[in-house]
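Please walk through the structure below one region at a time. The text starts with a single loop residue and then moves to helices, rings and a few selected positions.

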Amino acid sequence: MKIATWNIGEDERYEDCKLTMDSYKYIIDTIKKEEIDIICLQEAITSSDILPTIASYIKENTNLKYNIEYELSDSHINIGSKMGVVICSKYEISNCELLPLENPHLVYNKDENTIYYSHDKGFIIASINSLTIITGHCLPFHAFKKDILEYLSIYQKADKTFEKLFRNNNVILCGDFNYDDIPIIFPNTMKLGIDCIQCPTRKDKQLDHFIISKNIKCLHSEVVENPFDHKLGIFEIQENL
């Protein structure tokens, strides 16, 4: 079984980094070429005046016919669109749960004309075959010039939830966590899991992670350059768990 994680918020082939139908075609071509069975997306378009939702587009153009979306915020790149976390799967998705993270409502003035506000963030928890797959997006504290260590309480509920799941299930926890040292934000979870990514995923930092239960065997892992601002992580795991 091949599972992928990918932040697709910015297509760097374009000056304004906006997604286009060519961006969508690239995603479809990649899913088919890499024979991906389950793909977890962050900063994915969930509603738009301009583009179809990526979940519906993947459903129409690949064999990944099941999906779940968690709409989180307005897109800061594709104006007029909303974005969030998405799972698209070849296999039926069941027992879905949405886990929001607290928004500290940070504000950052880039200049007198540009103000950034922190978006809502969170996770999808879903059962797919014998797996519990958790995917999500965490706040980029570095972008707001803040120290994540001052906001660790935001992650405590999620860490407890993930720890319980890791103790009782075959779990994959993946996504854009916007931080490299995951044992800092999810200390209890990481006592039970192994991160299959050990390299930069955006510029010179590892912001994306693919964490598996210790009883899951990862047969192959690959982090792939692509036109988006985050690298694509593809992982082949043993199906007979």
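**From a buried loop residue to the helix pair**

Cys17 is buried, with a relative accessible area of 15%. The model is a predicted one. Cys17 sits in the loop that runs between strand E1 (2–7) and H1. Its backbone has a positive phi of about 65°, although Cys17 is not a glycine. Another non-glycine residue with a positive phi is Asn129, where the value is near 55°. Asn129 also belongs to a loop, the one between strand E8 (121–128) and E9.

The loop that holds Cys17 leads to H1, and H1 has a partner. Helix H1 covers residues 21–34 and helix H2 covers residues 54–61; their axes come within 10 Å and cross at roughly 50°. The two helices are therefore oblique to each other. An angle counts as oblique when it is not roughly parallel (under 35 degrees), roughly perpendicular (65 to 115) or roughly antiparallel (over 145). The crossing of H1 and H2 is right-handed. On the H1 side, the contact is made by Met21, Tyr24, Lys25, Ile27, Ile28, Ile31 and Lys32, and on the H2 side by Ile54, Tyr57, Ile58 and Asn61. Sorted by class, this contact has eight nonpolar residues, one polar residue and two charged residues.

Which residue of H1 and which of H2 tie these parts together as an aromatic pair? Tyr24 lies in H1 and Tyr57 in H2, so their pair links parts of the chain that are 33 residues apart in sequence. The Tyr24–Tyr57 pair is tilted, with 5.3 Å from centre to centre and 50° between the planes. Tyr24 and Tyr57 are both buried.

H1 also carries Asp29. Asp29 is partly exposed, at a relative accessible area of 36%. Between the C-alpha atoms of Asp29 and Cys218, which are 189 residues apart along the chain, the separation is 24 Å.

**Rings, a buried glycine and a buried glutamate**

The structure holds 13 aromatic pairs. One aromatic cluster is formed by Phe123, Tyr155, Phe162, Phe177 and Phe186. Two members of this cluster, Phe123 and Phe177, are among the residues in contact with Gly136.

Gly136 is part of strand E9, residues 131–137. Its relative accessibility is 0%, so Gly136 counts as buried. Apart from neighbours within four places in sequence, the residues in contact with Gly136 are Gln42, Val85, Gly122, Phe123, Cys174, Gly175, Asp176 and Phe177. Gly136 and Ile87 are 49 residues apart along the chain, and their C-alpha atoms are separated by 9.8 Å.

Is Glu163 buried or exposed? Glu163 has a relative accessible area of 19%, and since the cut-off for buried is under 20%, it counts as buried. Glu163 is located in helix H3, residues 156–168. When residues up to four places away in sequence are not counted, Glu163 touches Asn188, Thr189 and Leu192.

**Two residues of one loop**

The last stop is the loop between strand E13 (218–224) and strand E14 (232–237), where Lys231 lies. Glu225 has its place in this loop between E13 and E14 as well. Lys231 is buried, with a relative accessible area of 18%, whereas Glu225 is exposed, with a relative accessible area of 57%.

What does Lys231 touch, not counting residues up to four places away in sequence? The residues are Thr5, Trp6, Pro200, Thr201, Val223, Val224, Glu225 and Asn226. For Glu225, under the rule that leaves out residues up to four places away, the touching residues are Tyr26 and Lys231. Lys231 and Glu225 thus touch each other.

Each of the two can also be placed against a residue elsewhere in the sequence. Lys231 and Lys203 are 28 residues apart in sequence, with 9.0 Å between them in space, C-alpha to C-alpha. Glu225 and Arg202 are 23 residues apart in sequence and 9.6 Å apart in space, again C-alpha to C-alpha.

Technical notes:
Residues numbered from 1 in each chain as written. Predicted model: local features only at pLDDT ≥ 70, side-chain atom pairs only at ≥ 80, totals over all residues. Heavy atoms only, no water. Axes fitted to C-alpha atoms, helices over the stretch in contact; angles between N-to-C directions. Helix = DSSP H or I, 4+ residues; strand = E, 2+ residues; numbered from the N terminus. Left-handed = near helix turned anticlockwise from the far one by under 90°. Contact = heavy atoms within 4.5 Å. Nonpolar A, V, L, I, M, F, W, Y, C, P; charged D, E, K, R; others polar. Phe/Tyr/Trp six-rings, centres within 6.5 Å; stacked < 30°, edge-to-face > 60°. Buried < 20%, exposed > 50% of the residue type's maximum accessible area, 1.4 Å probe, protein only.
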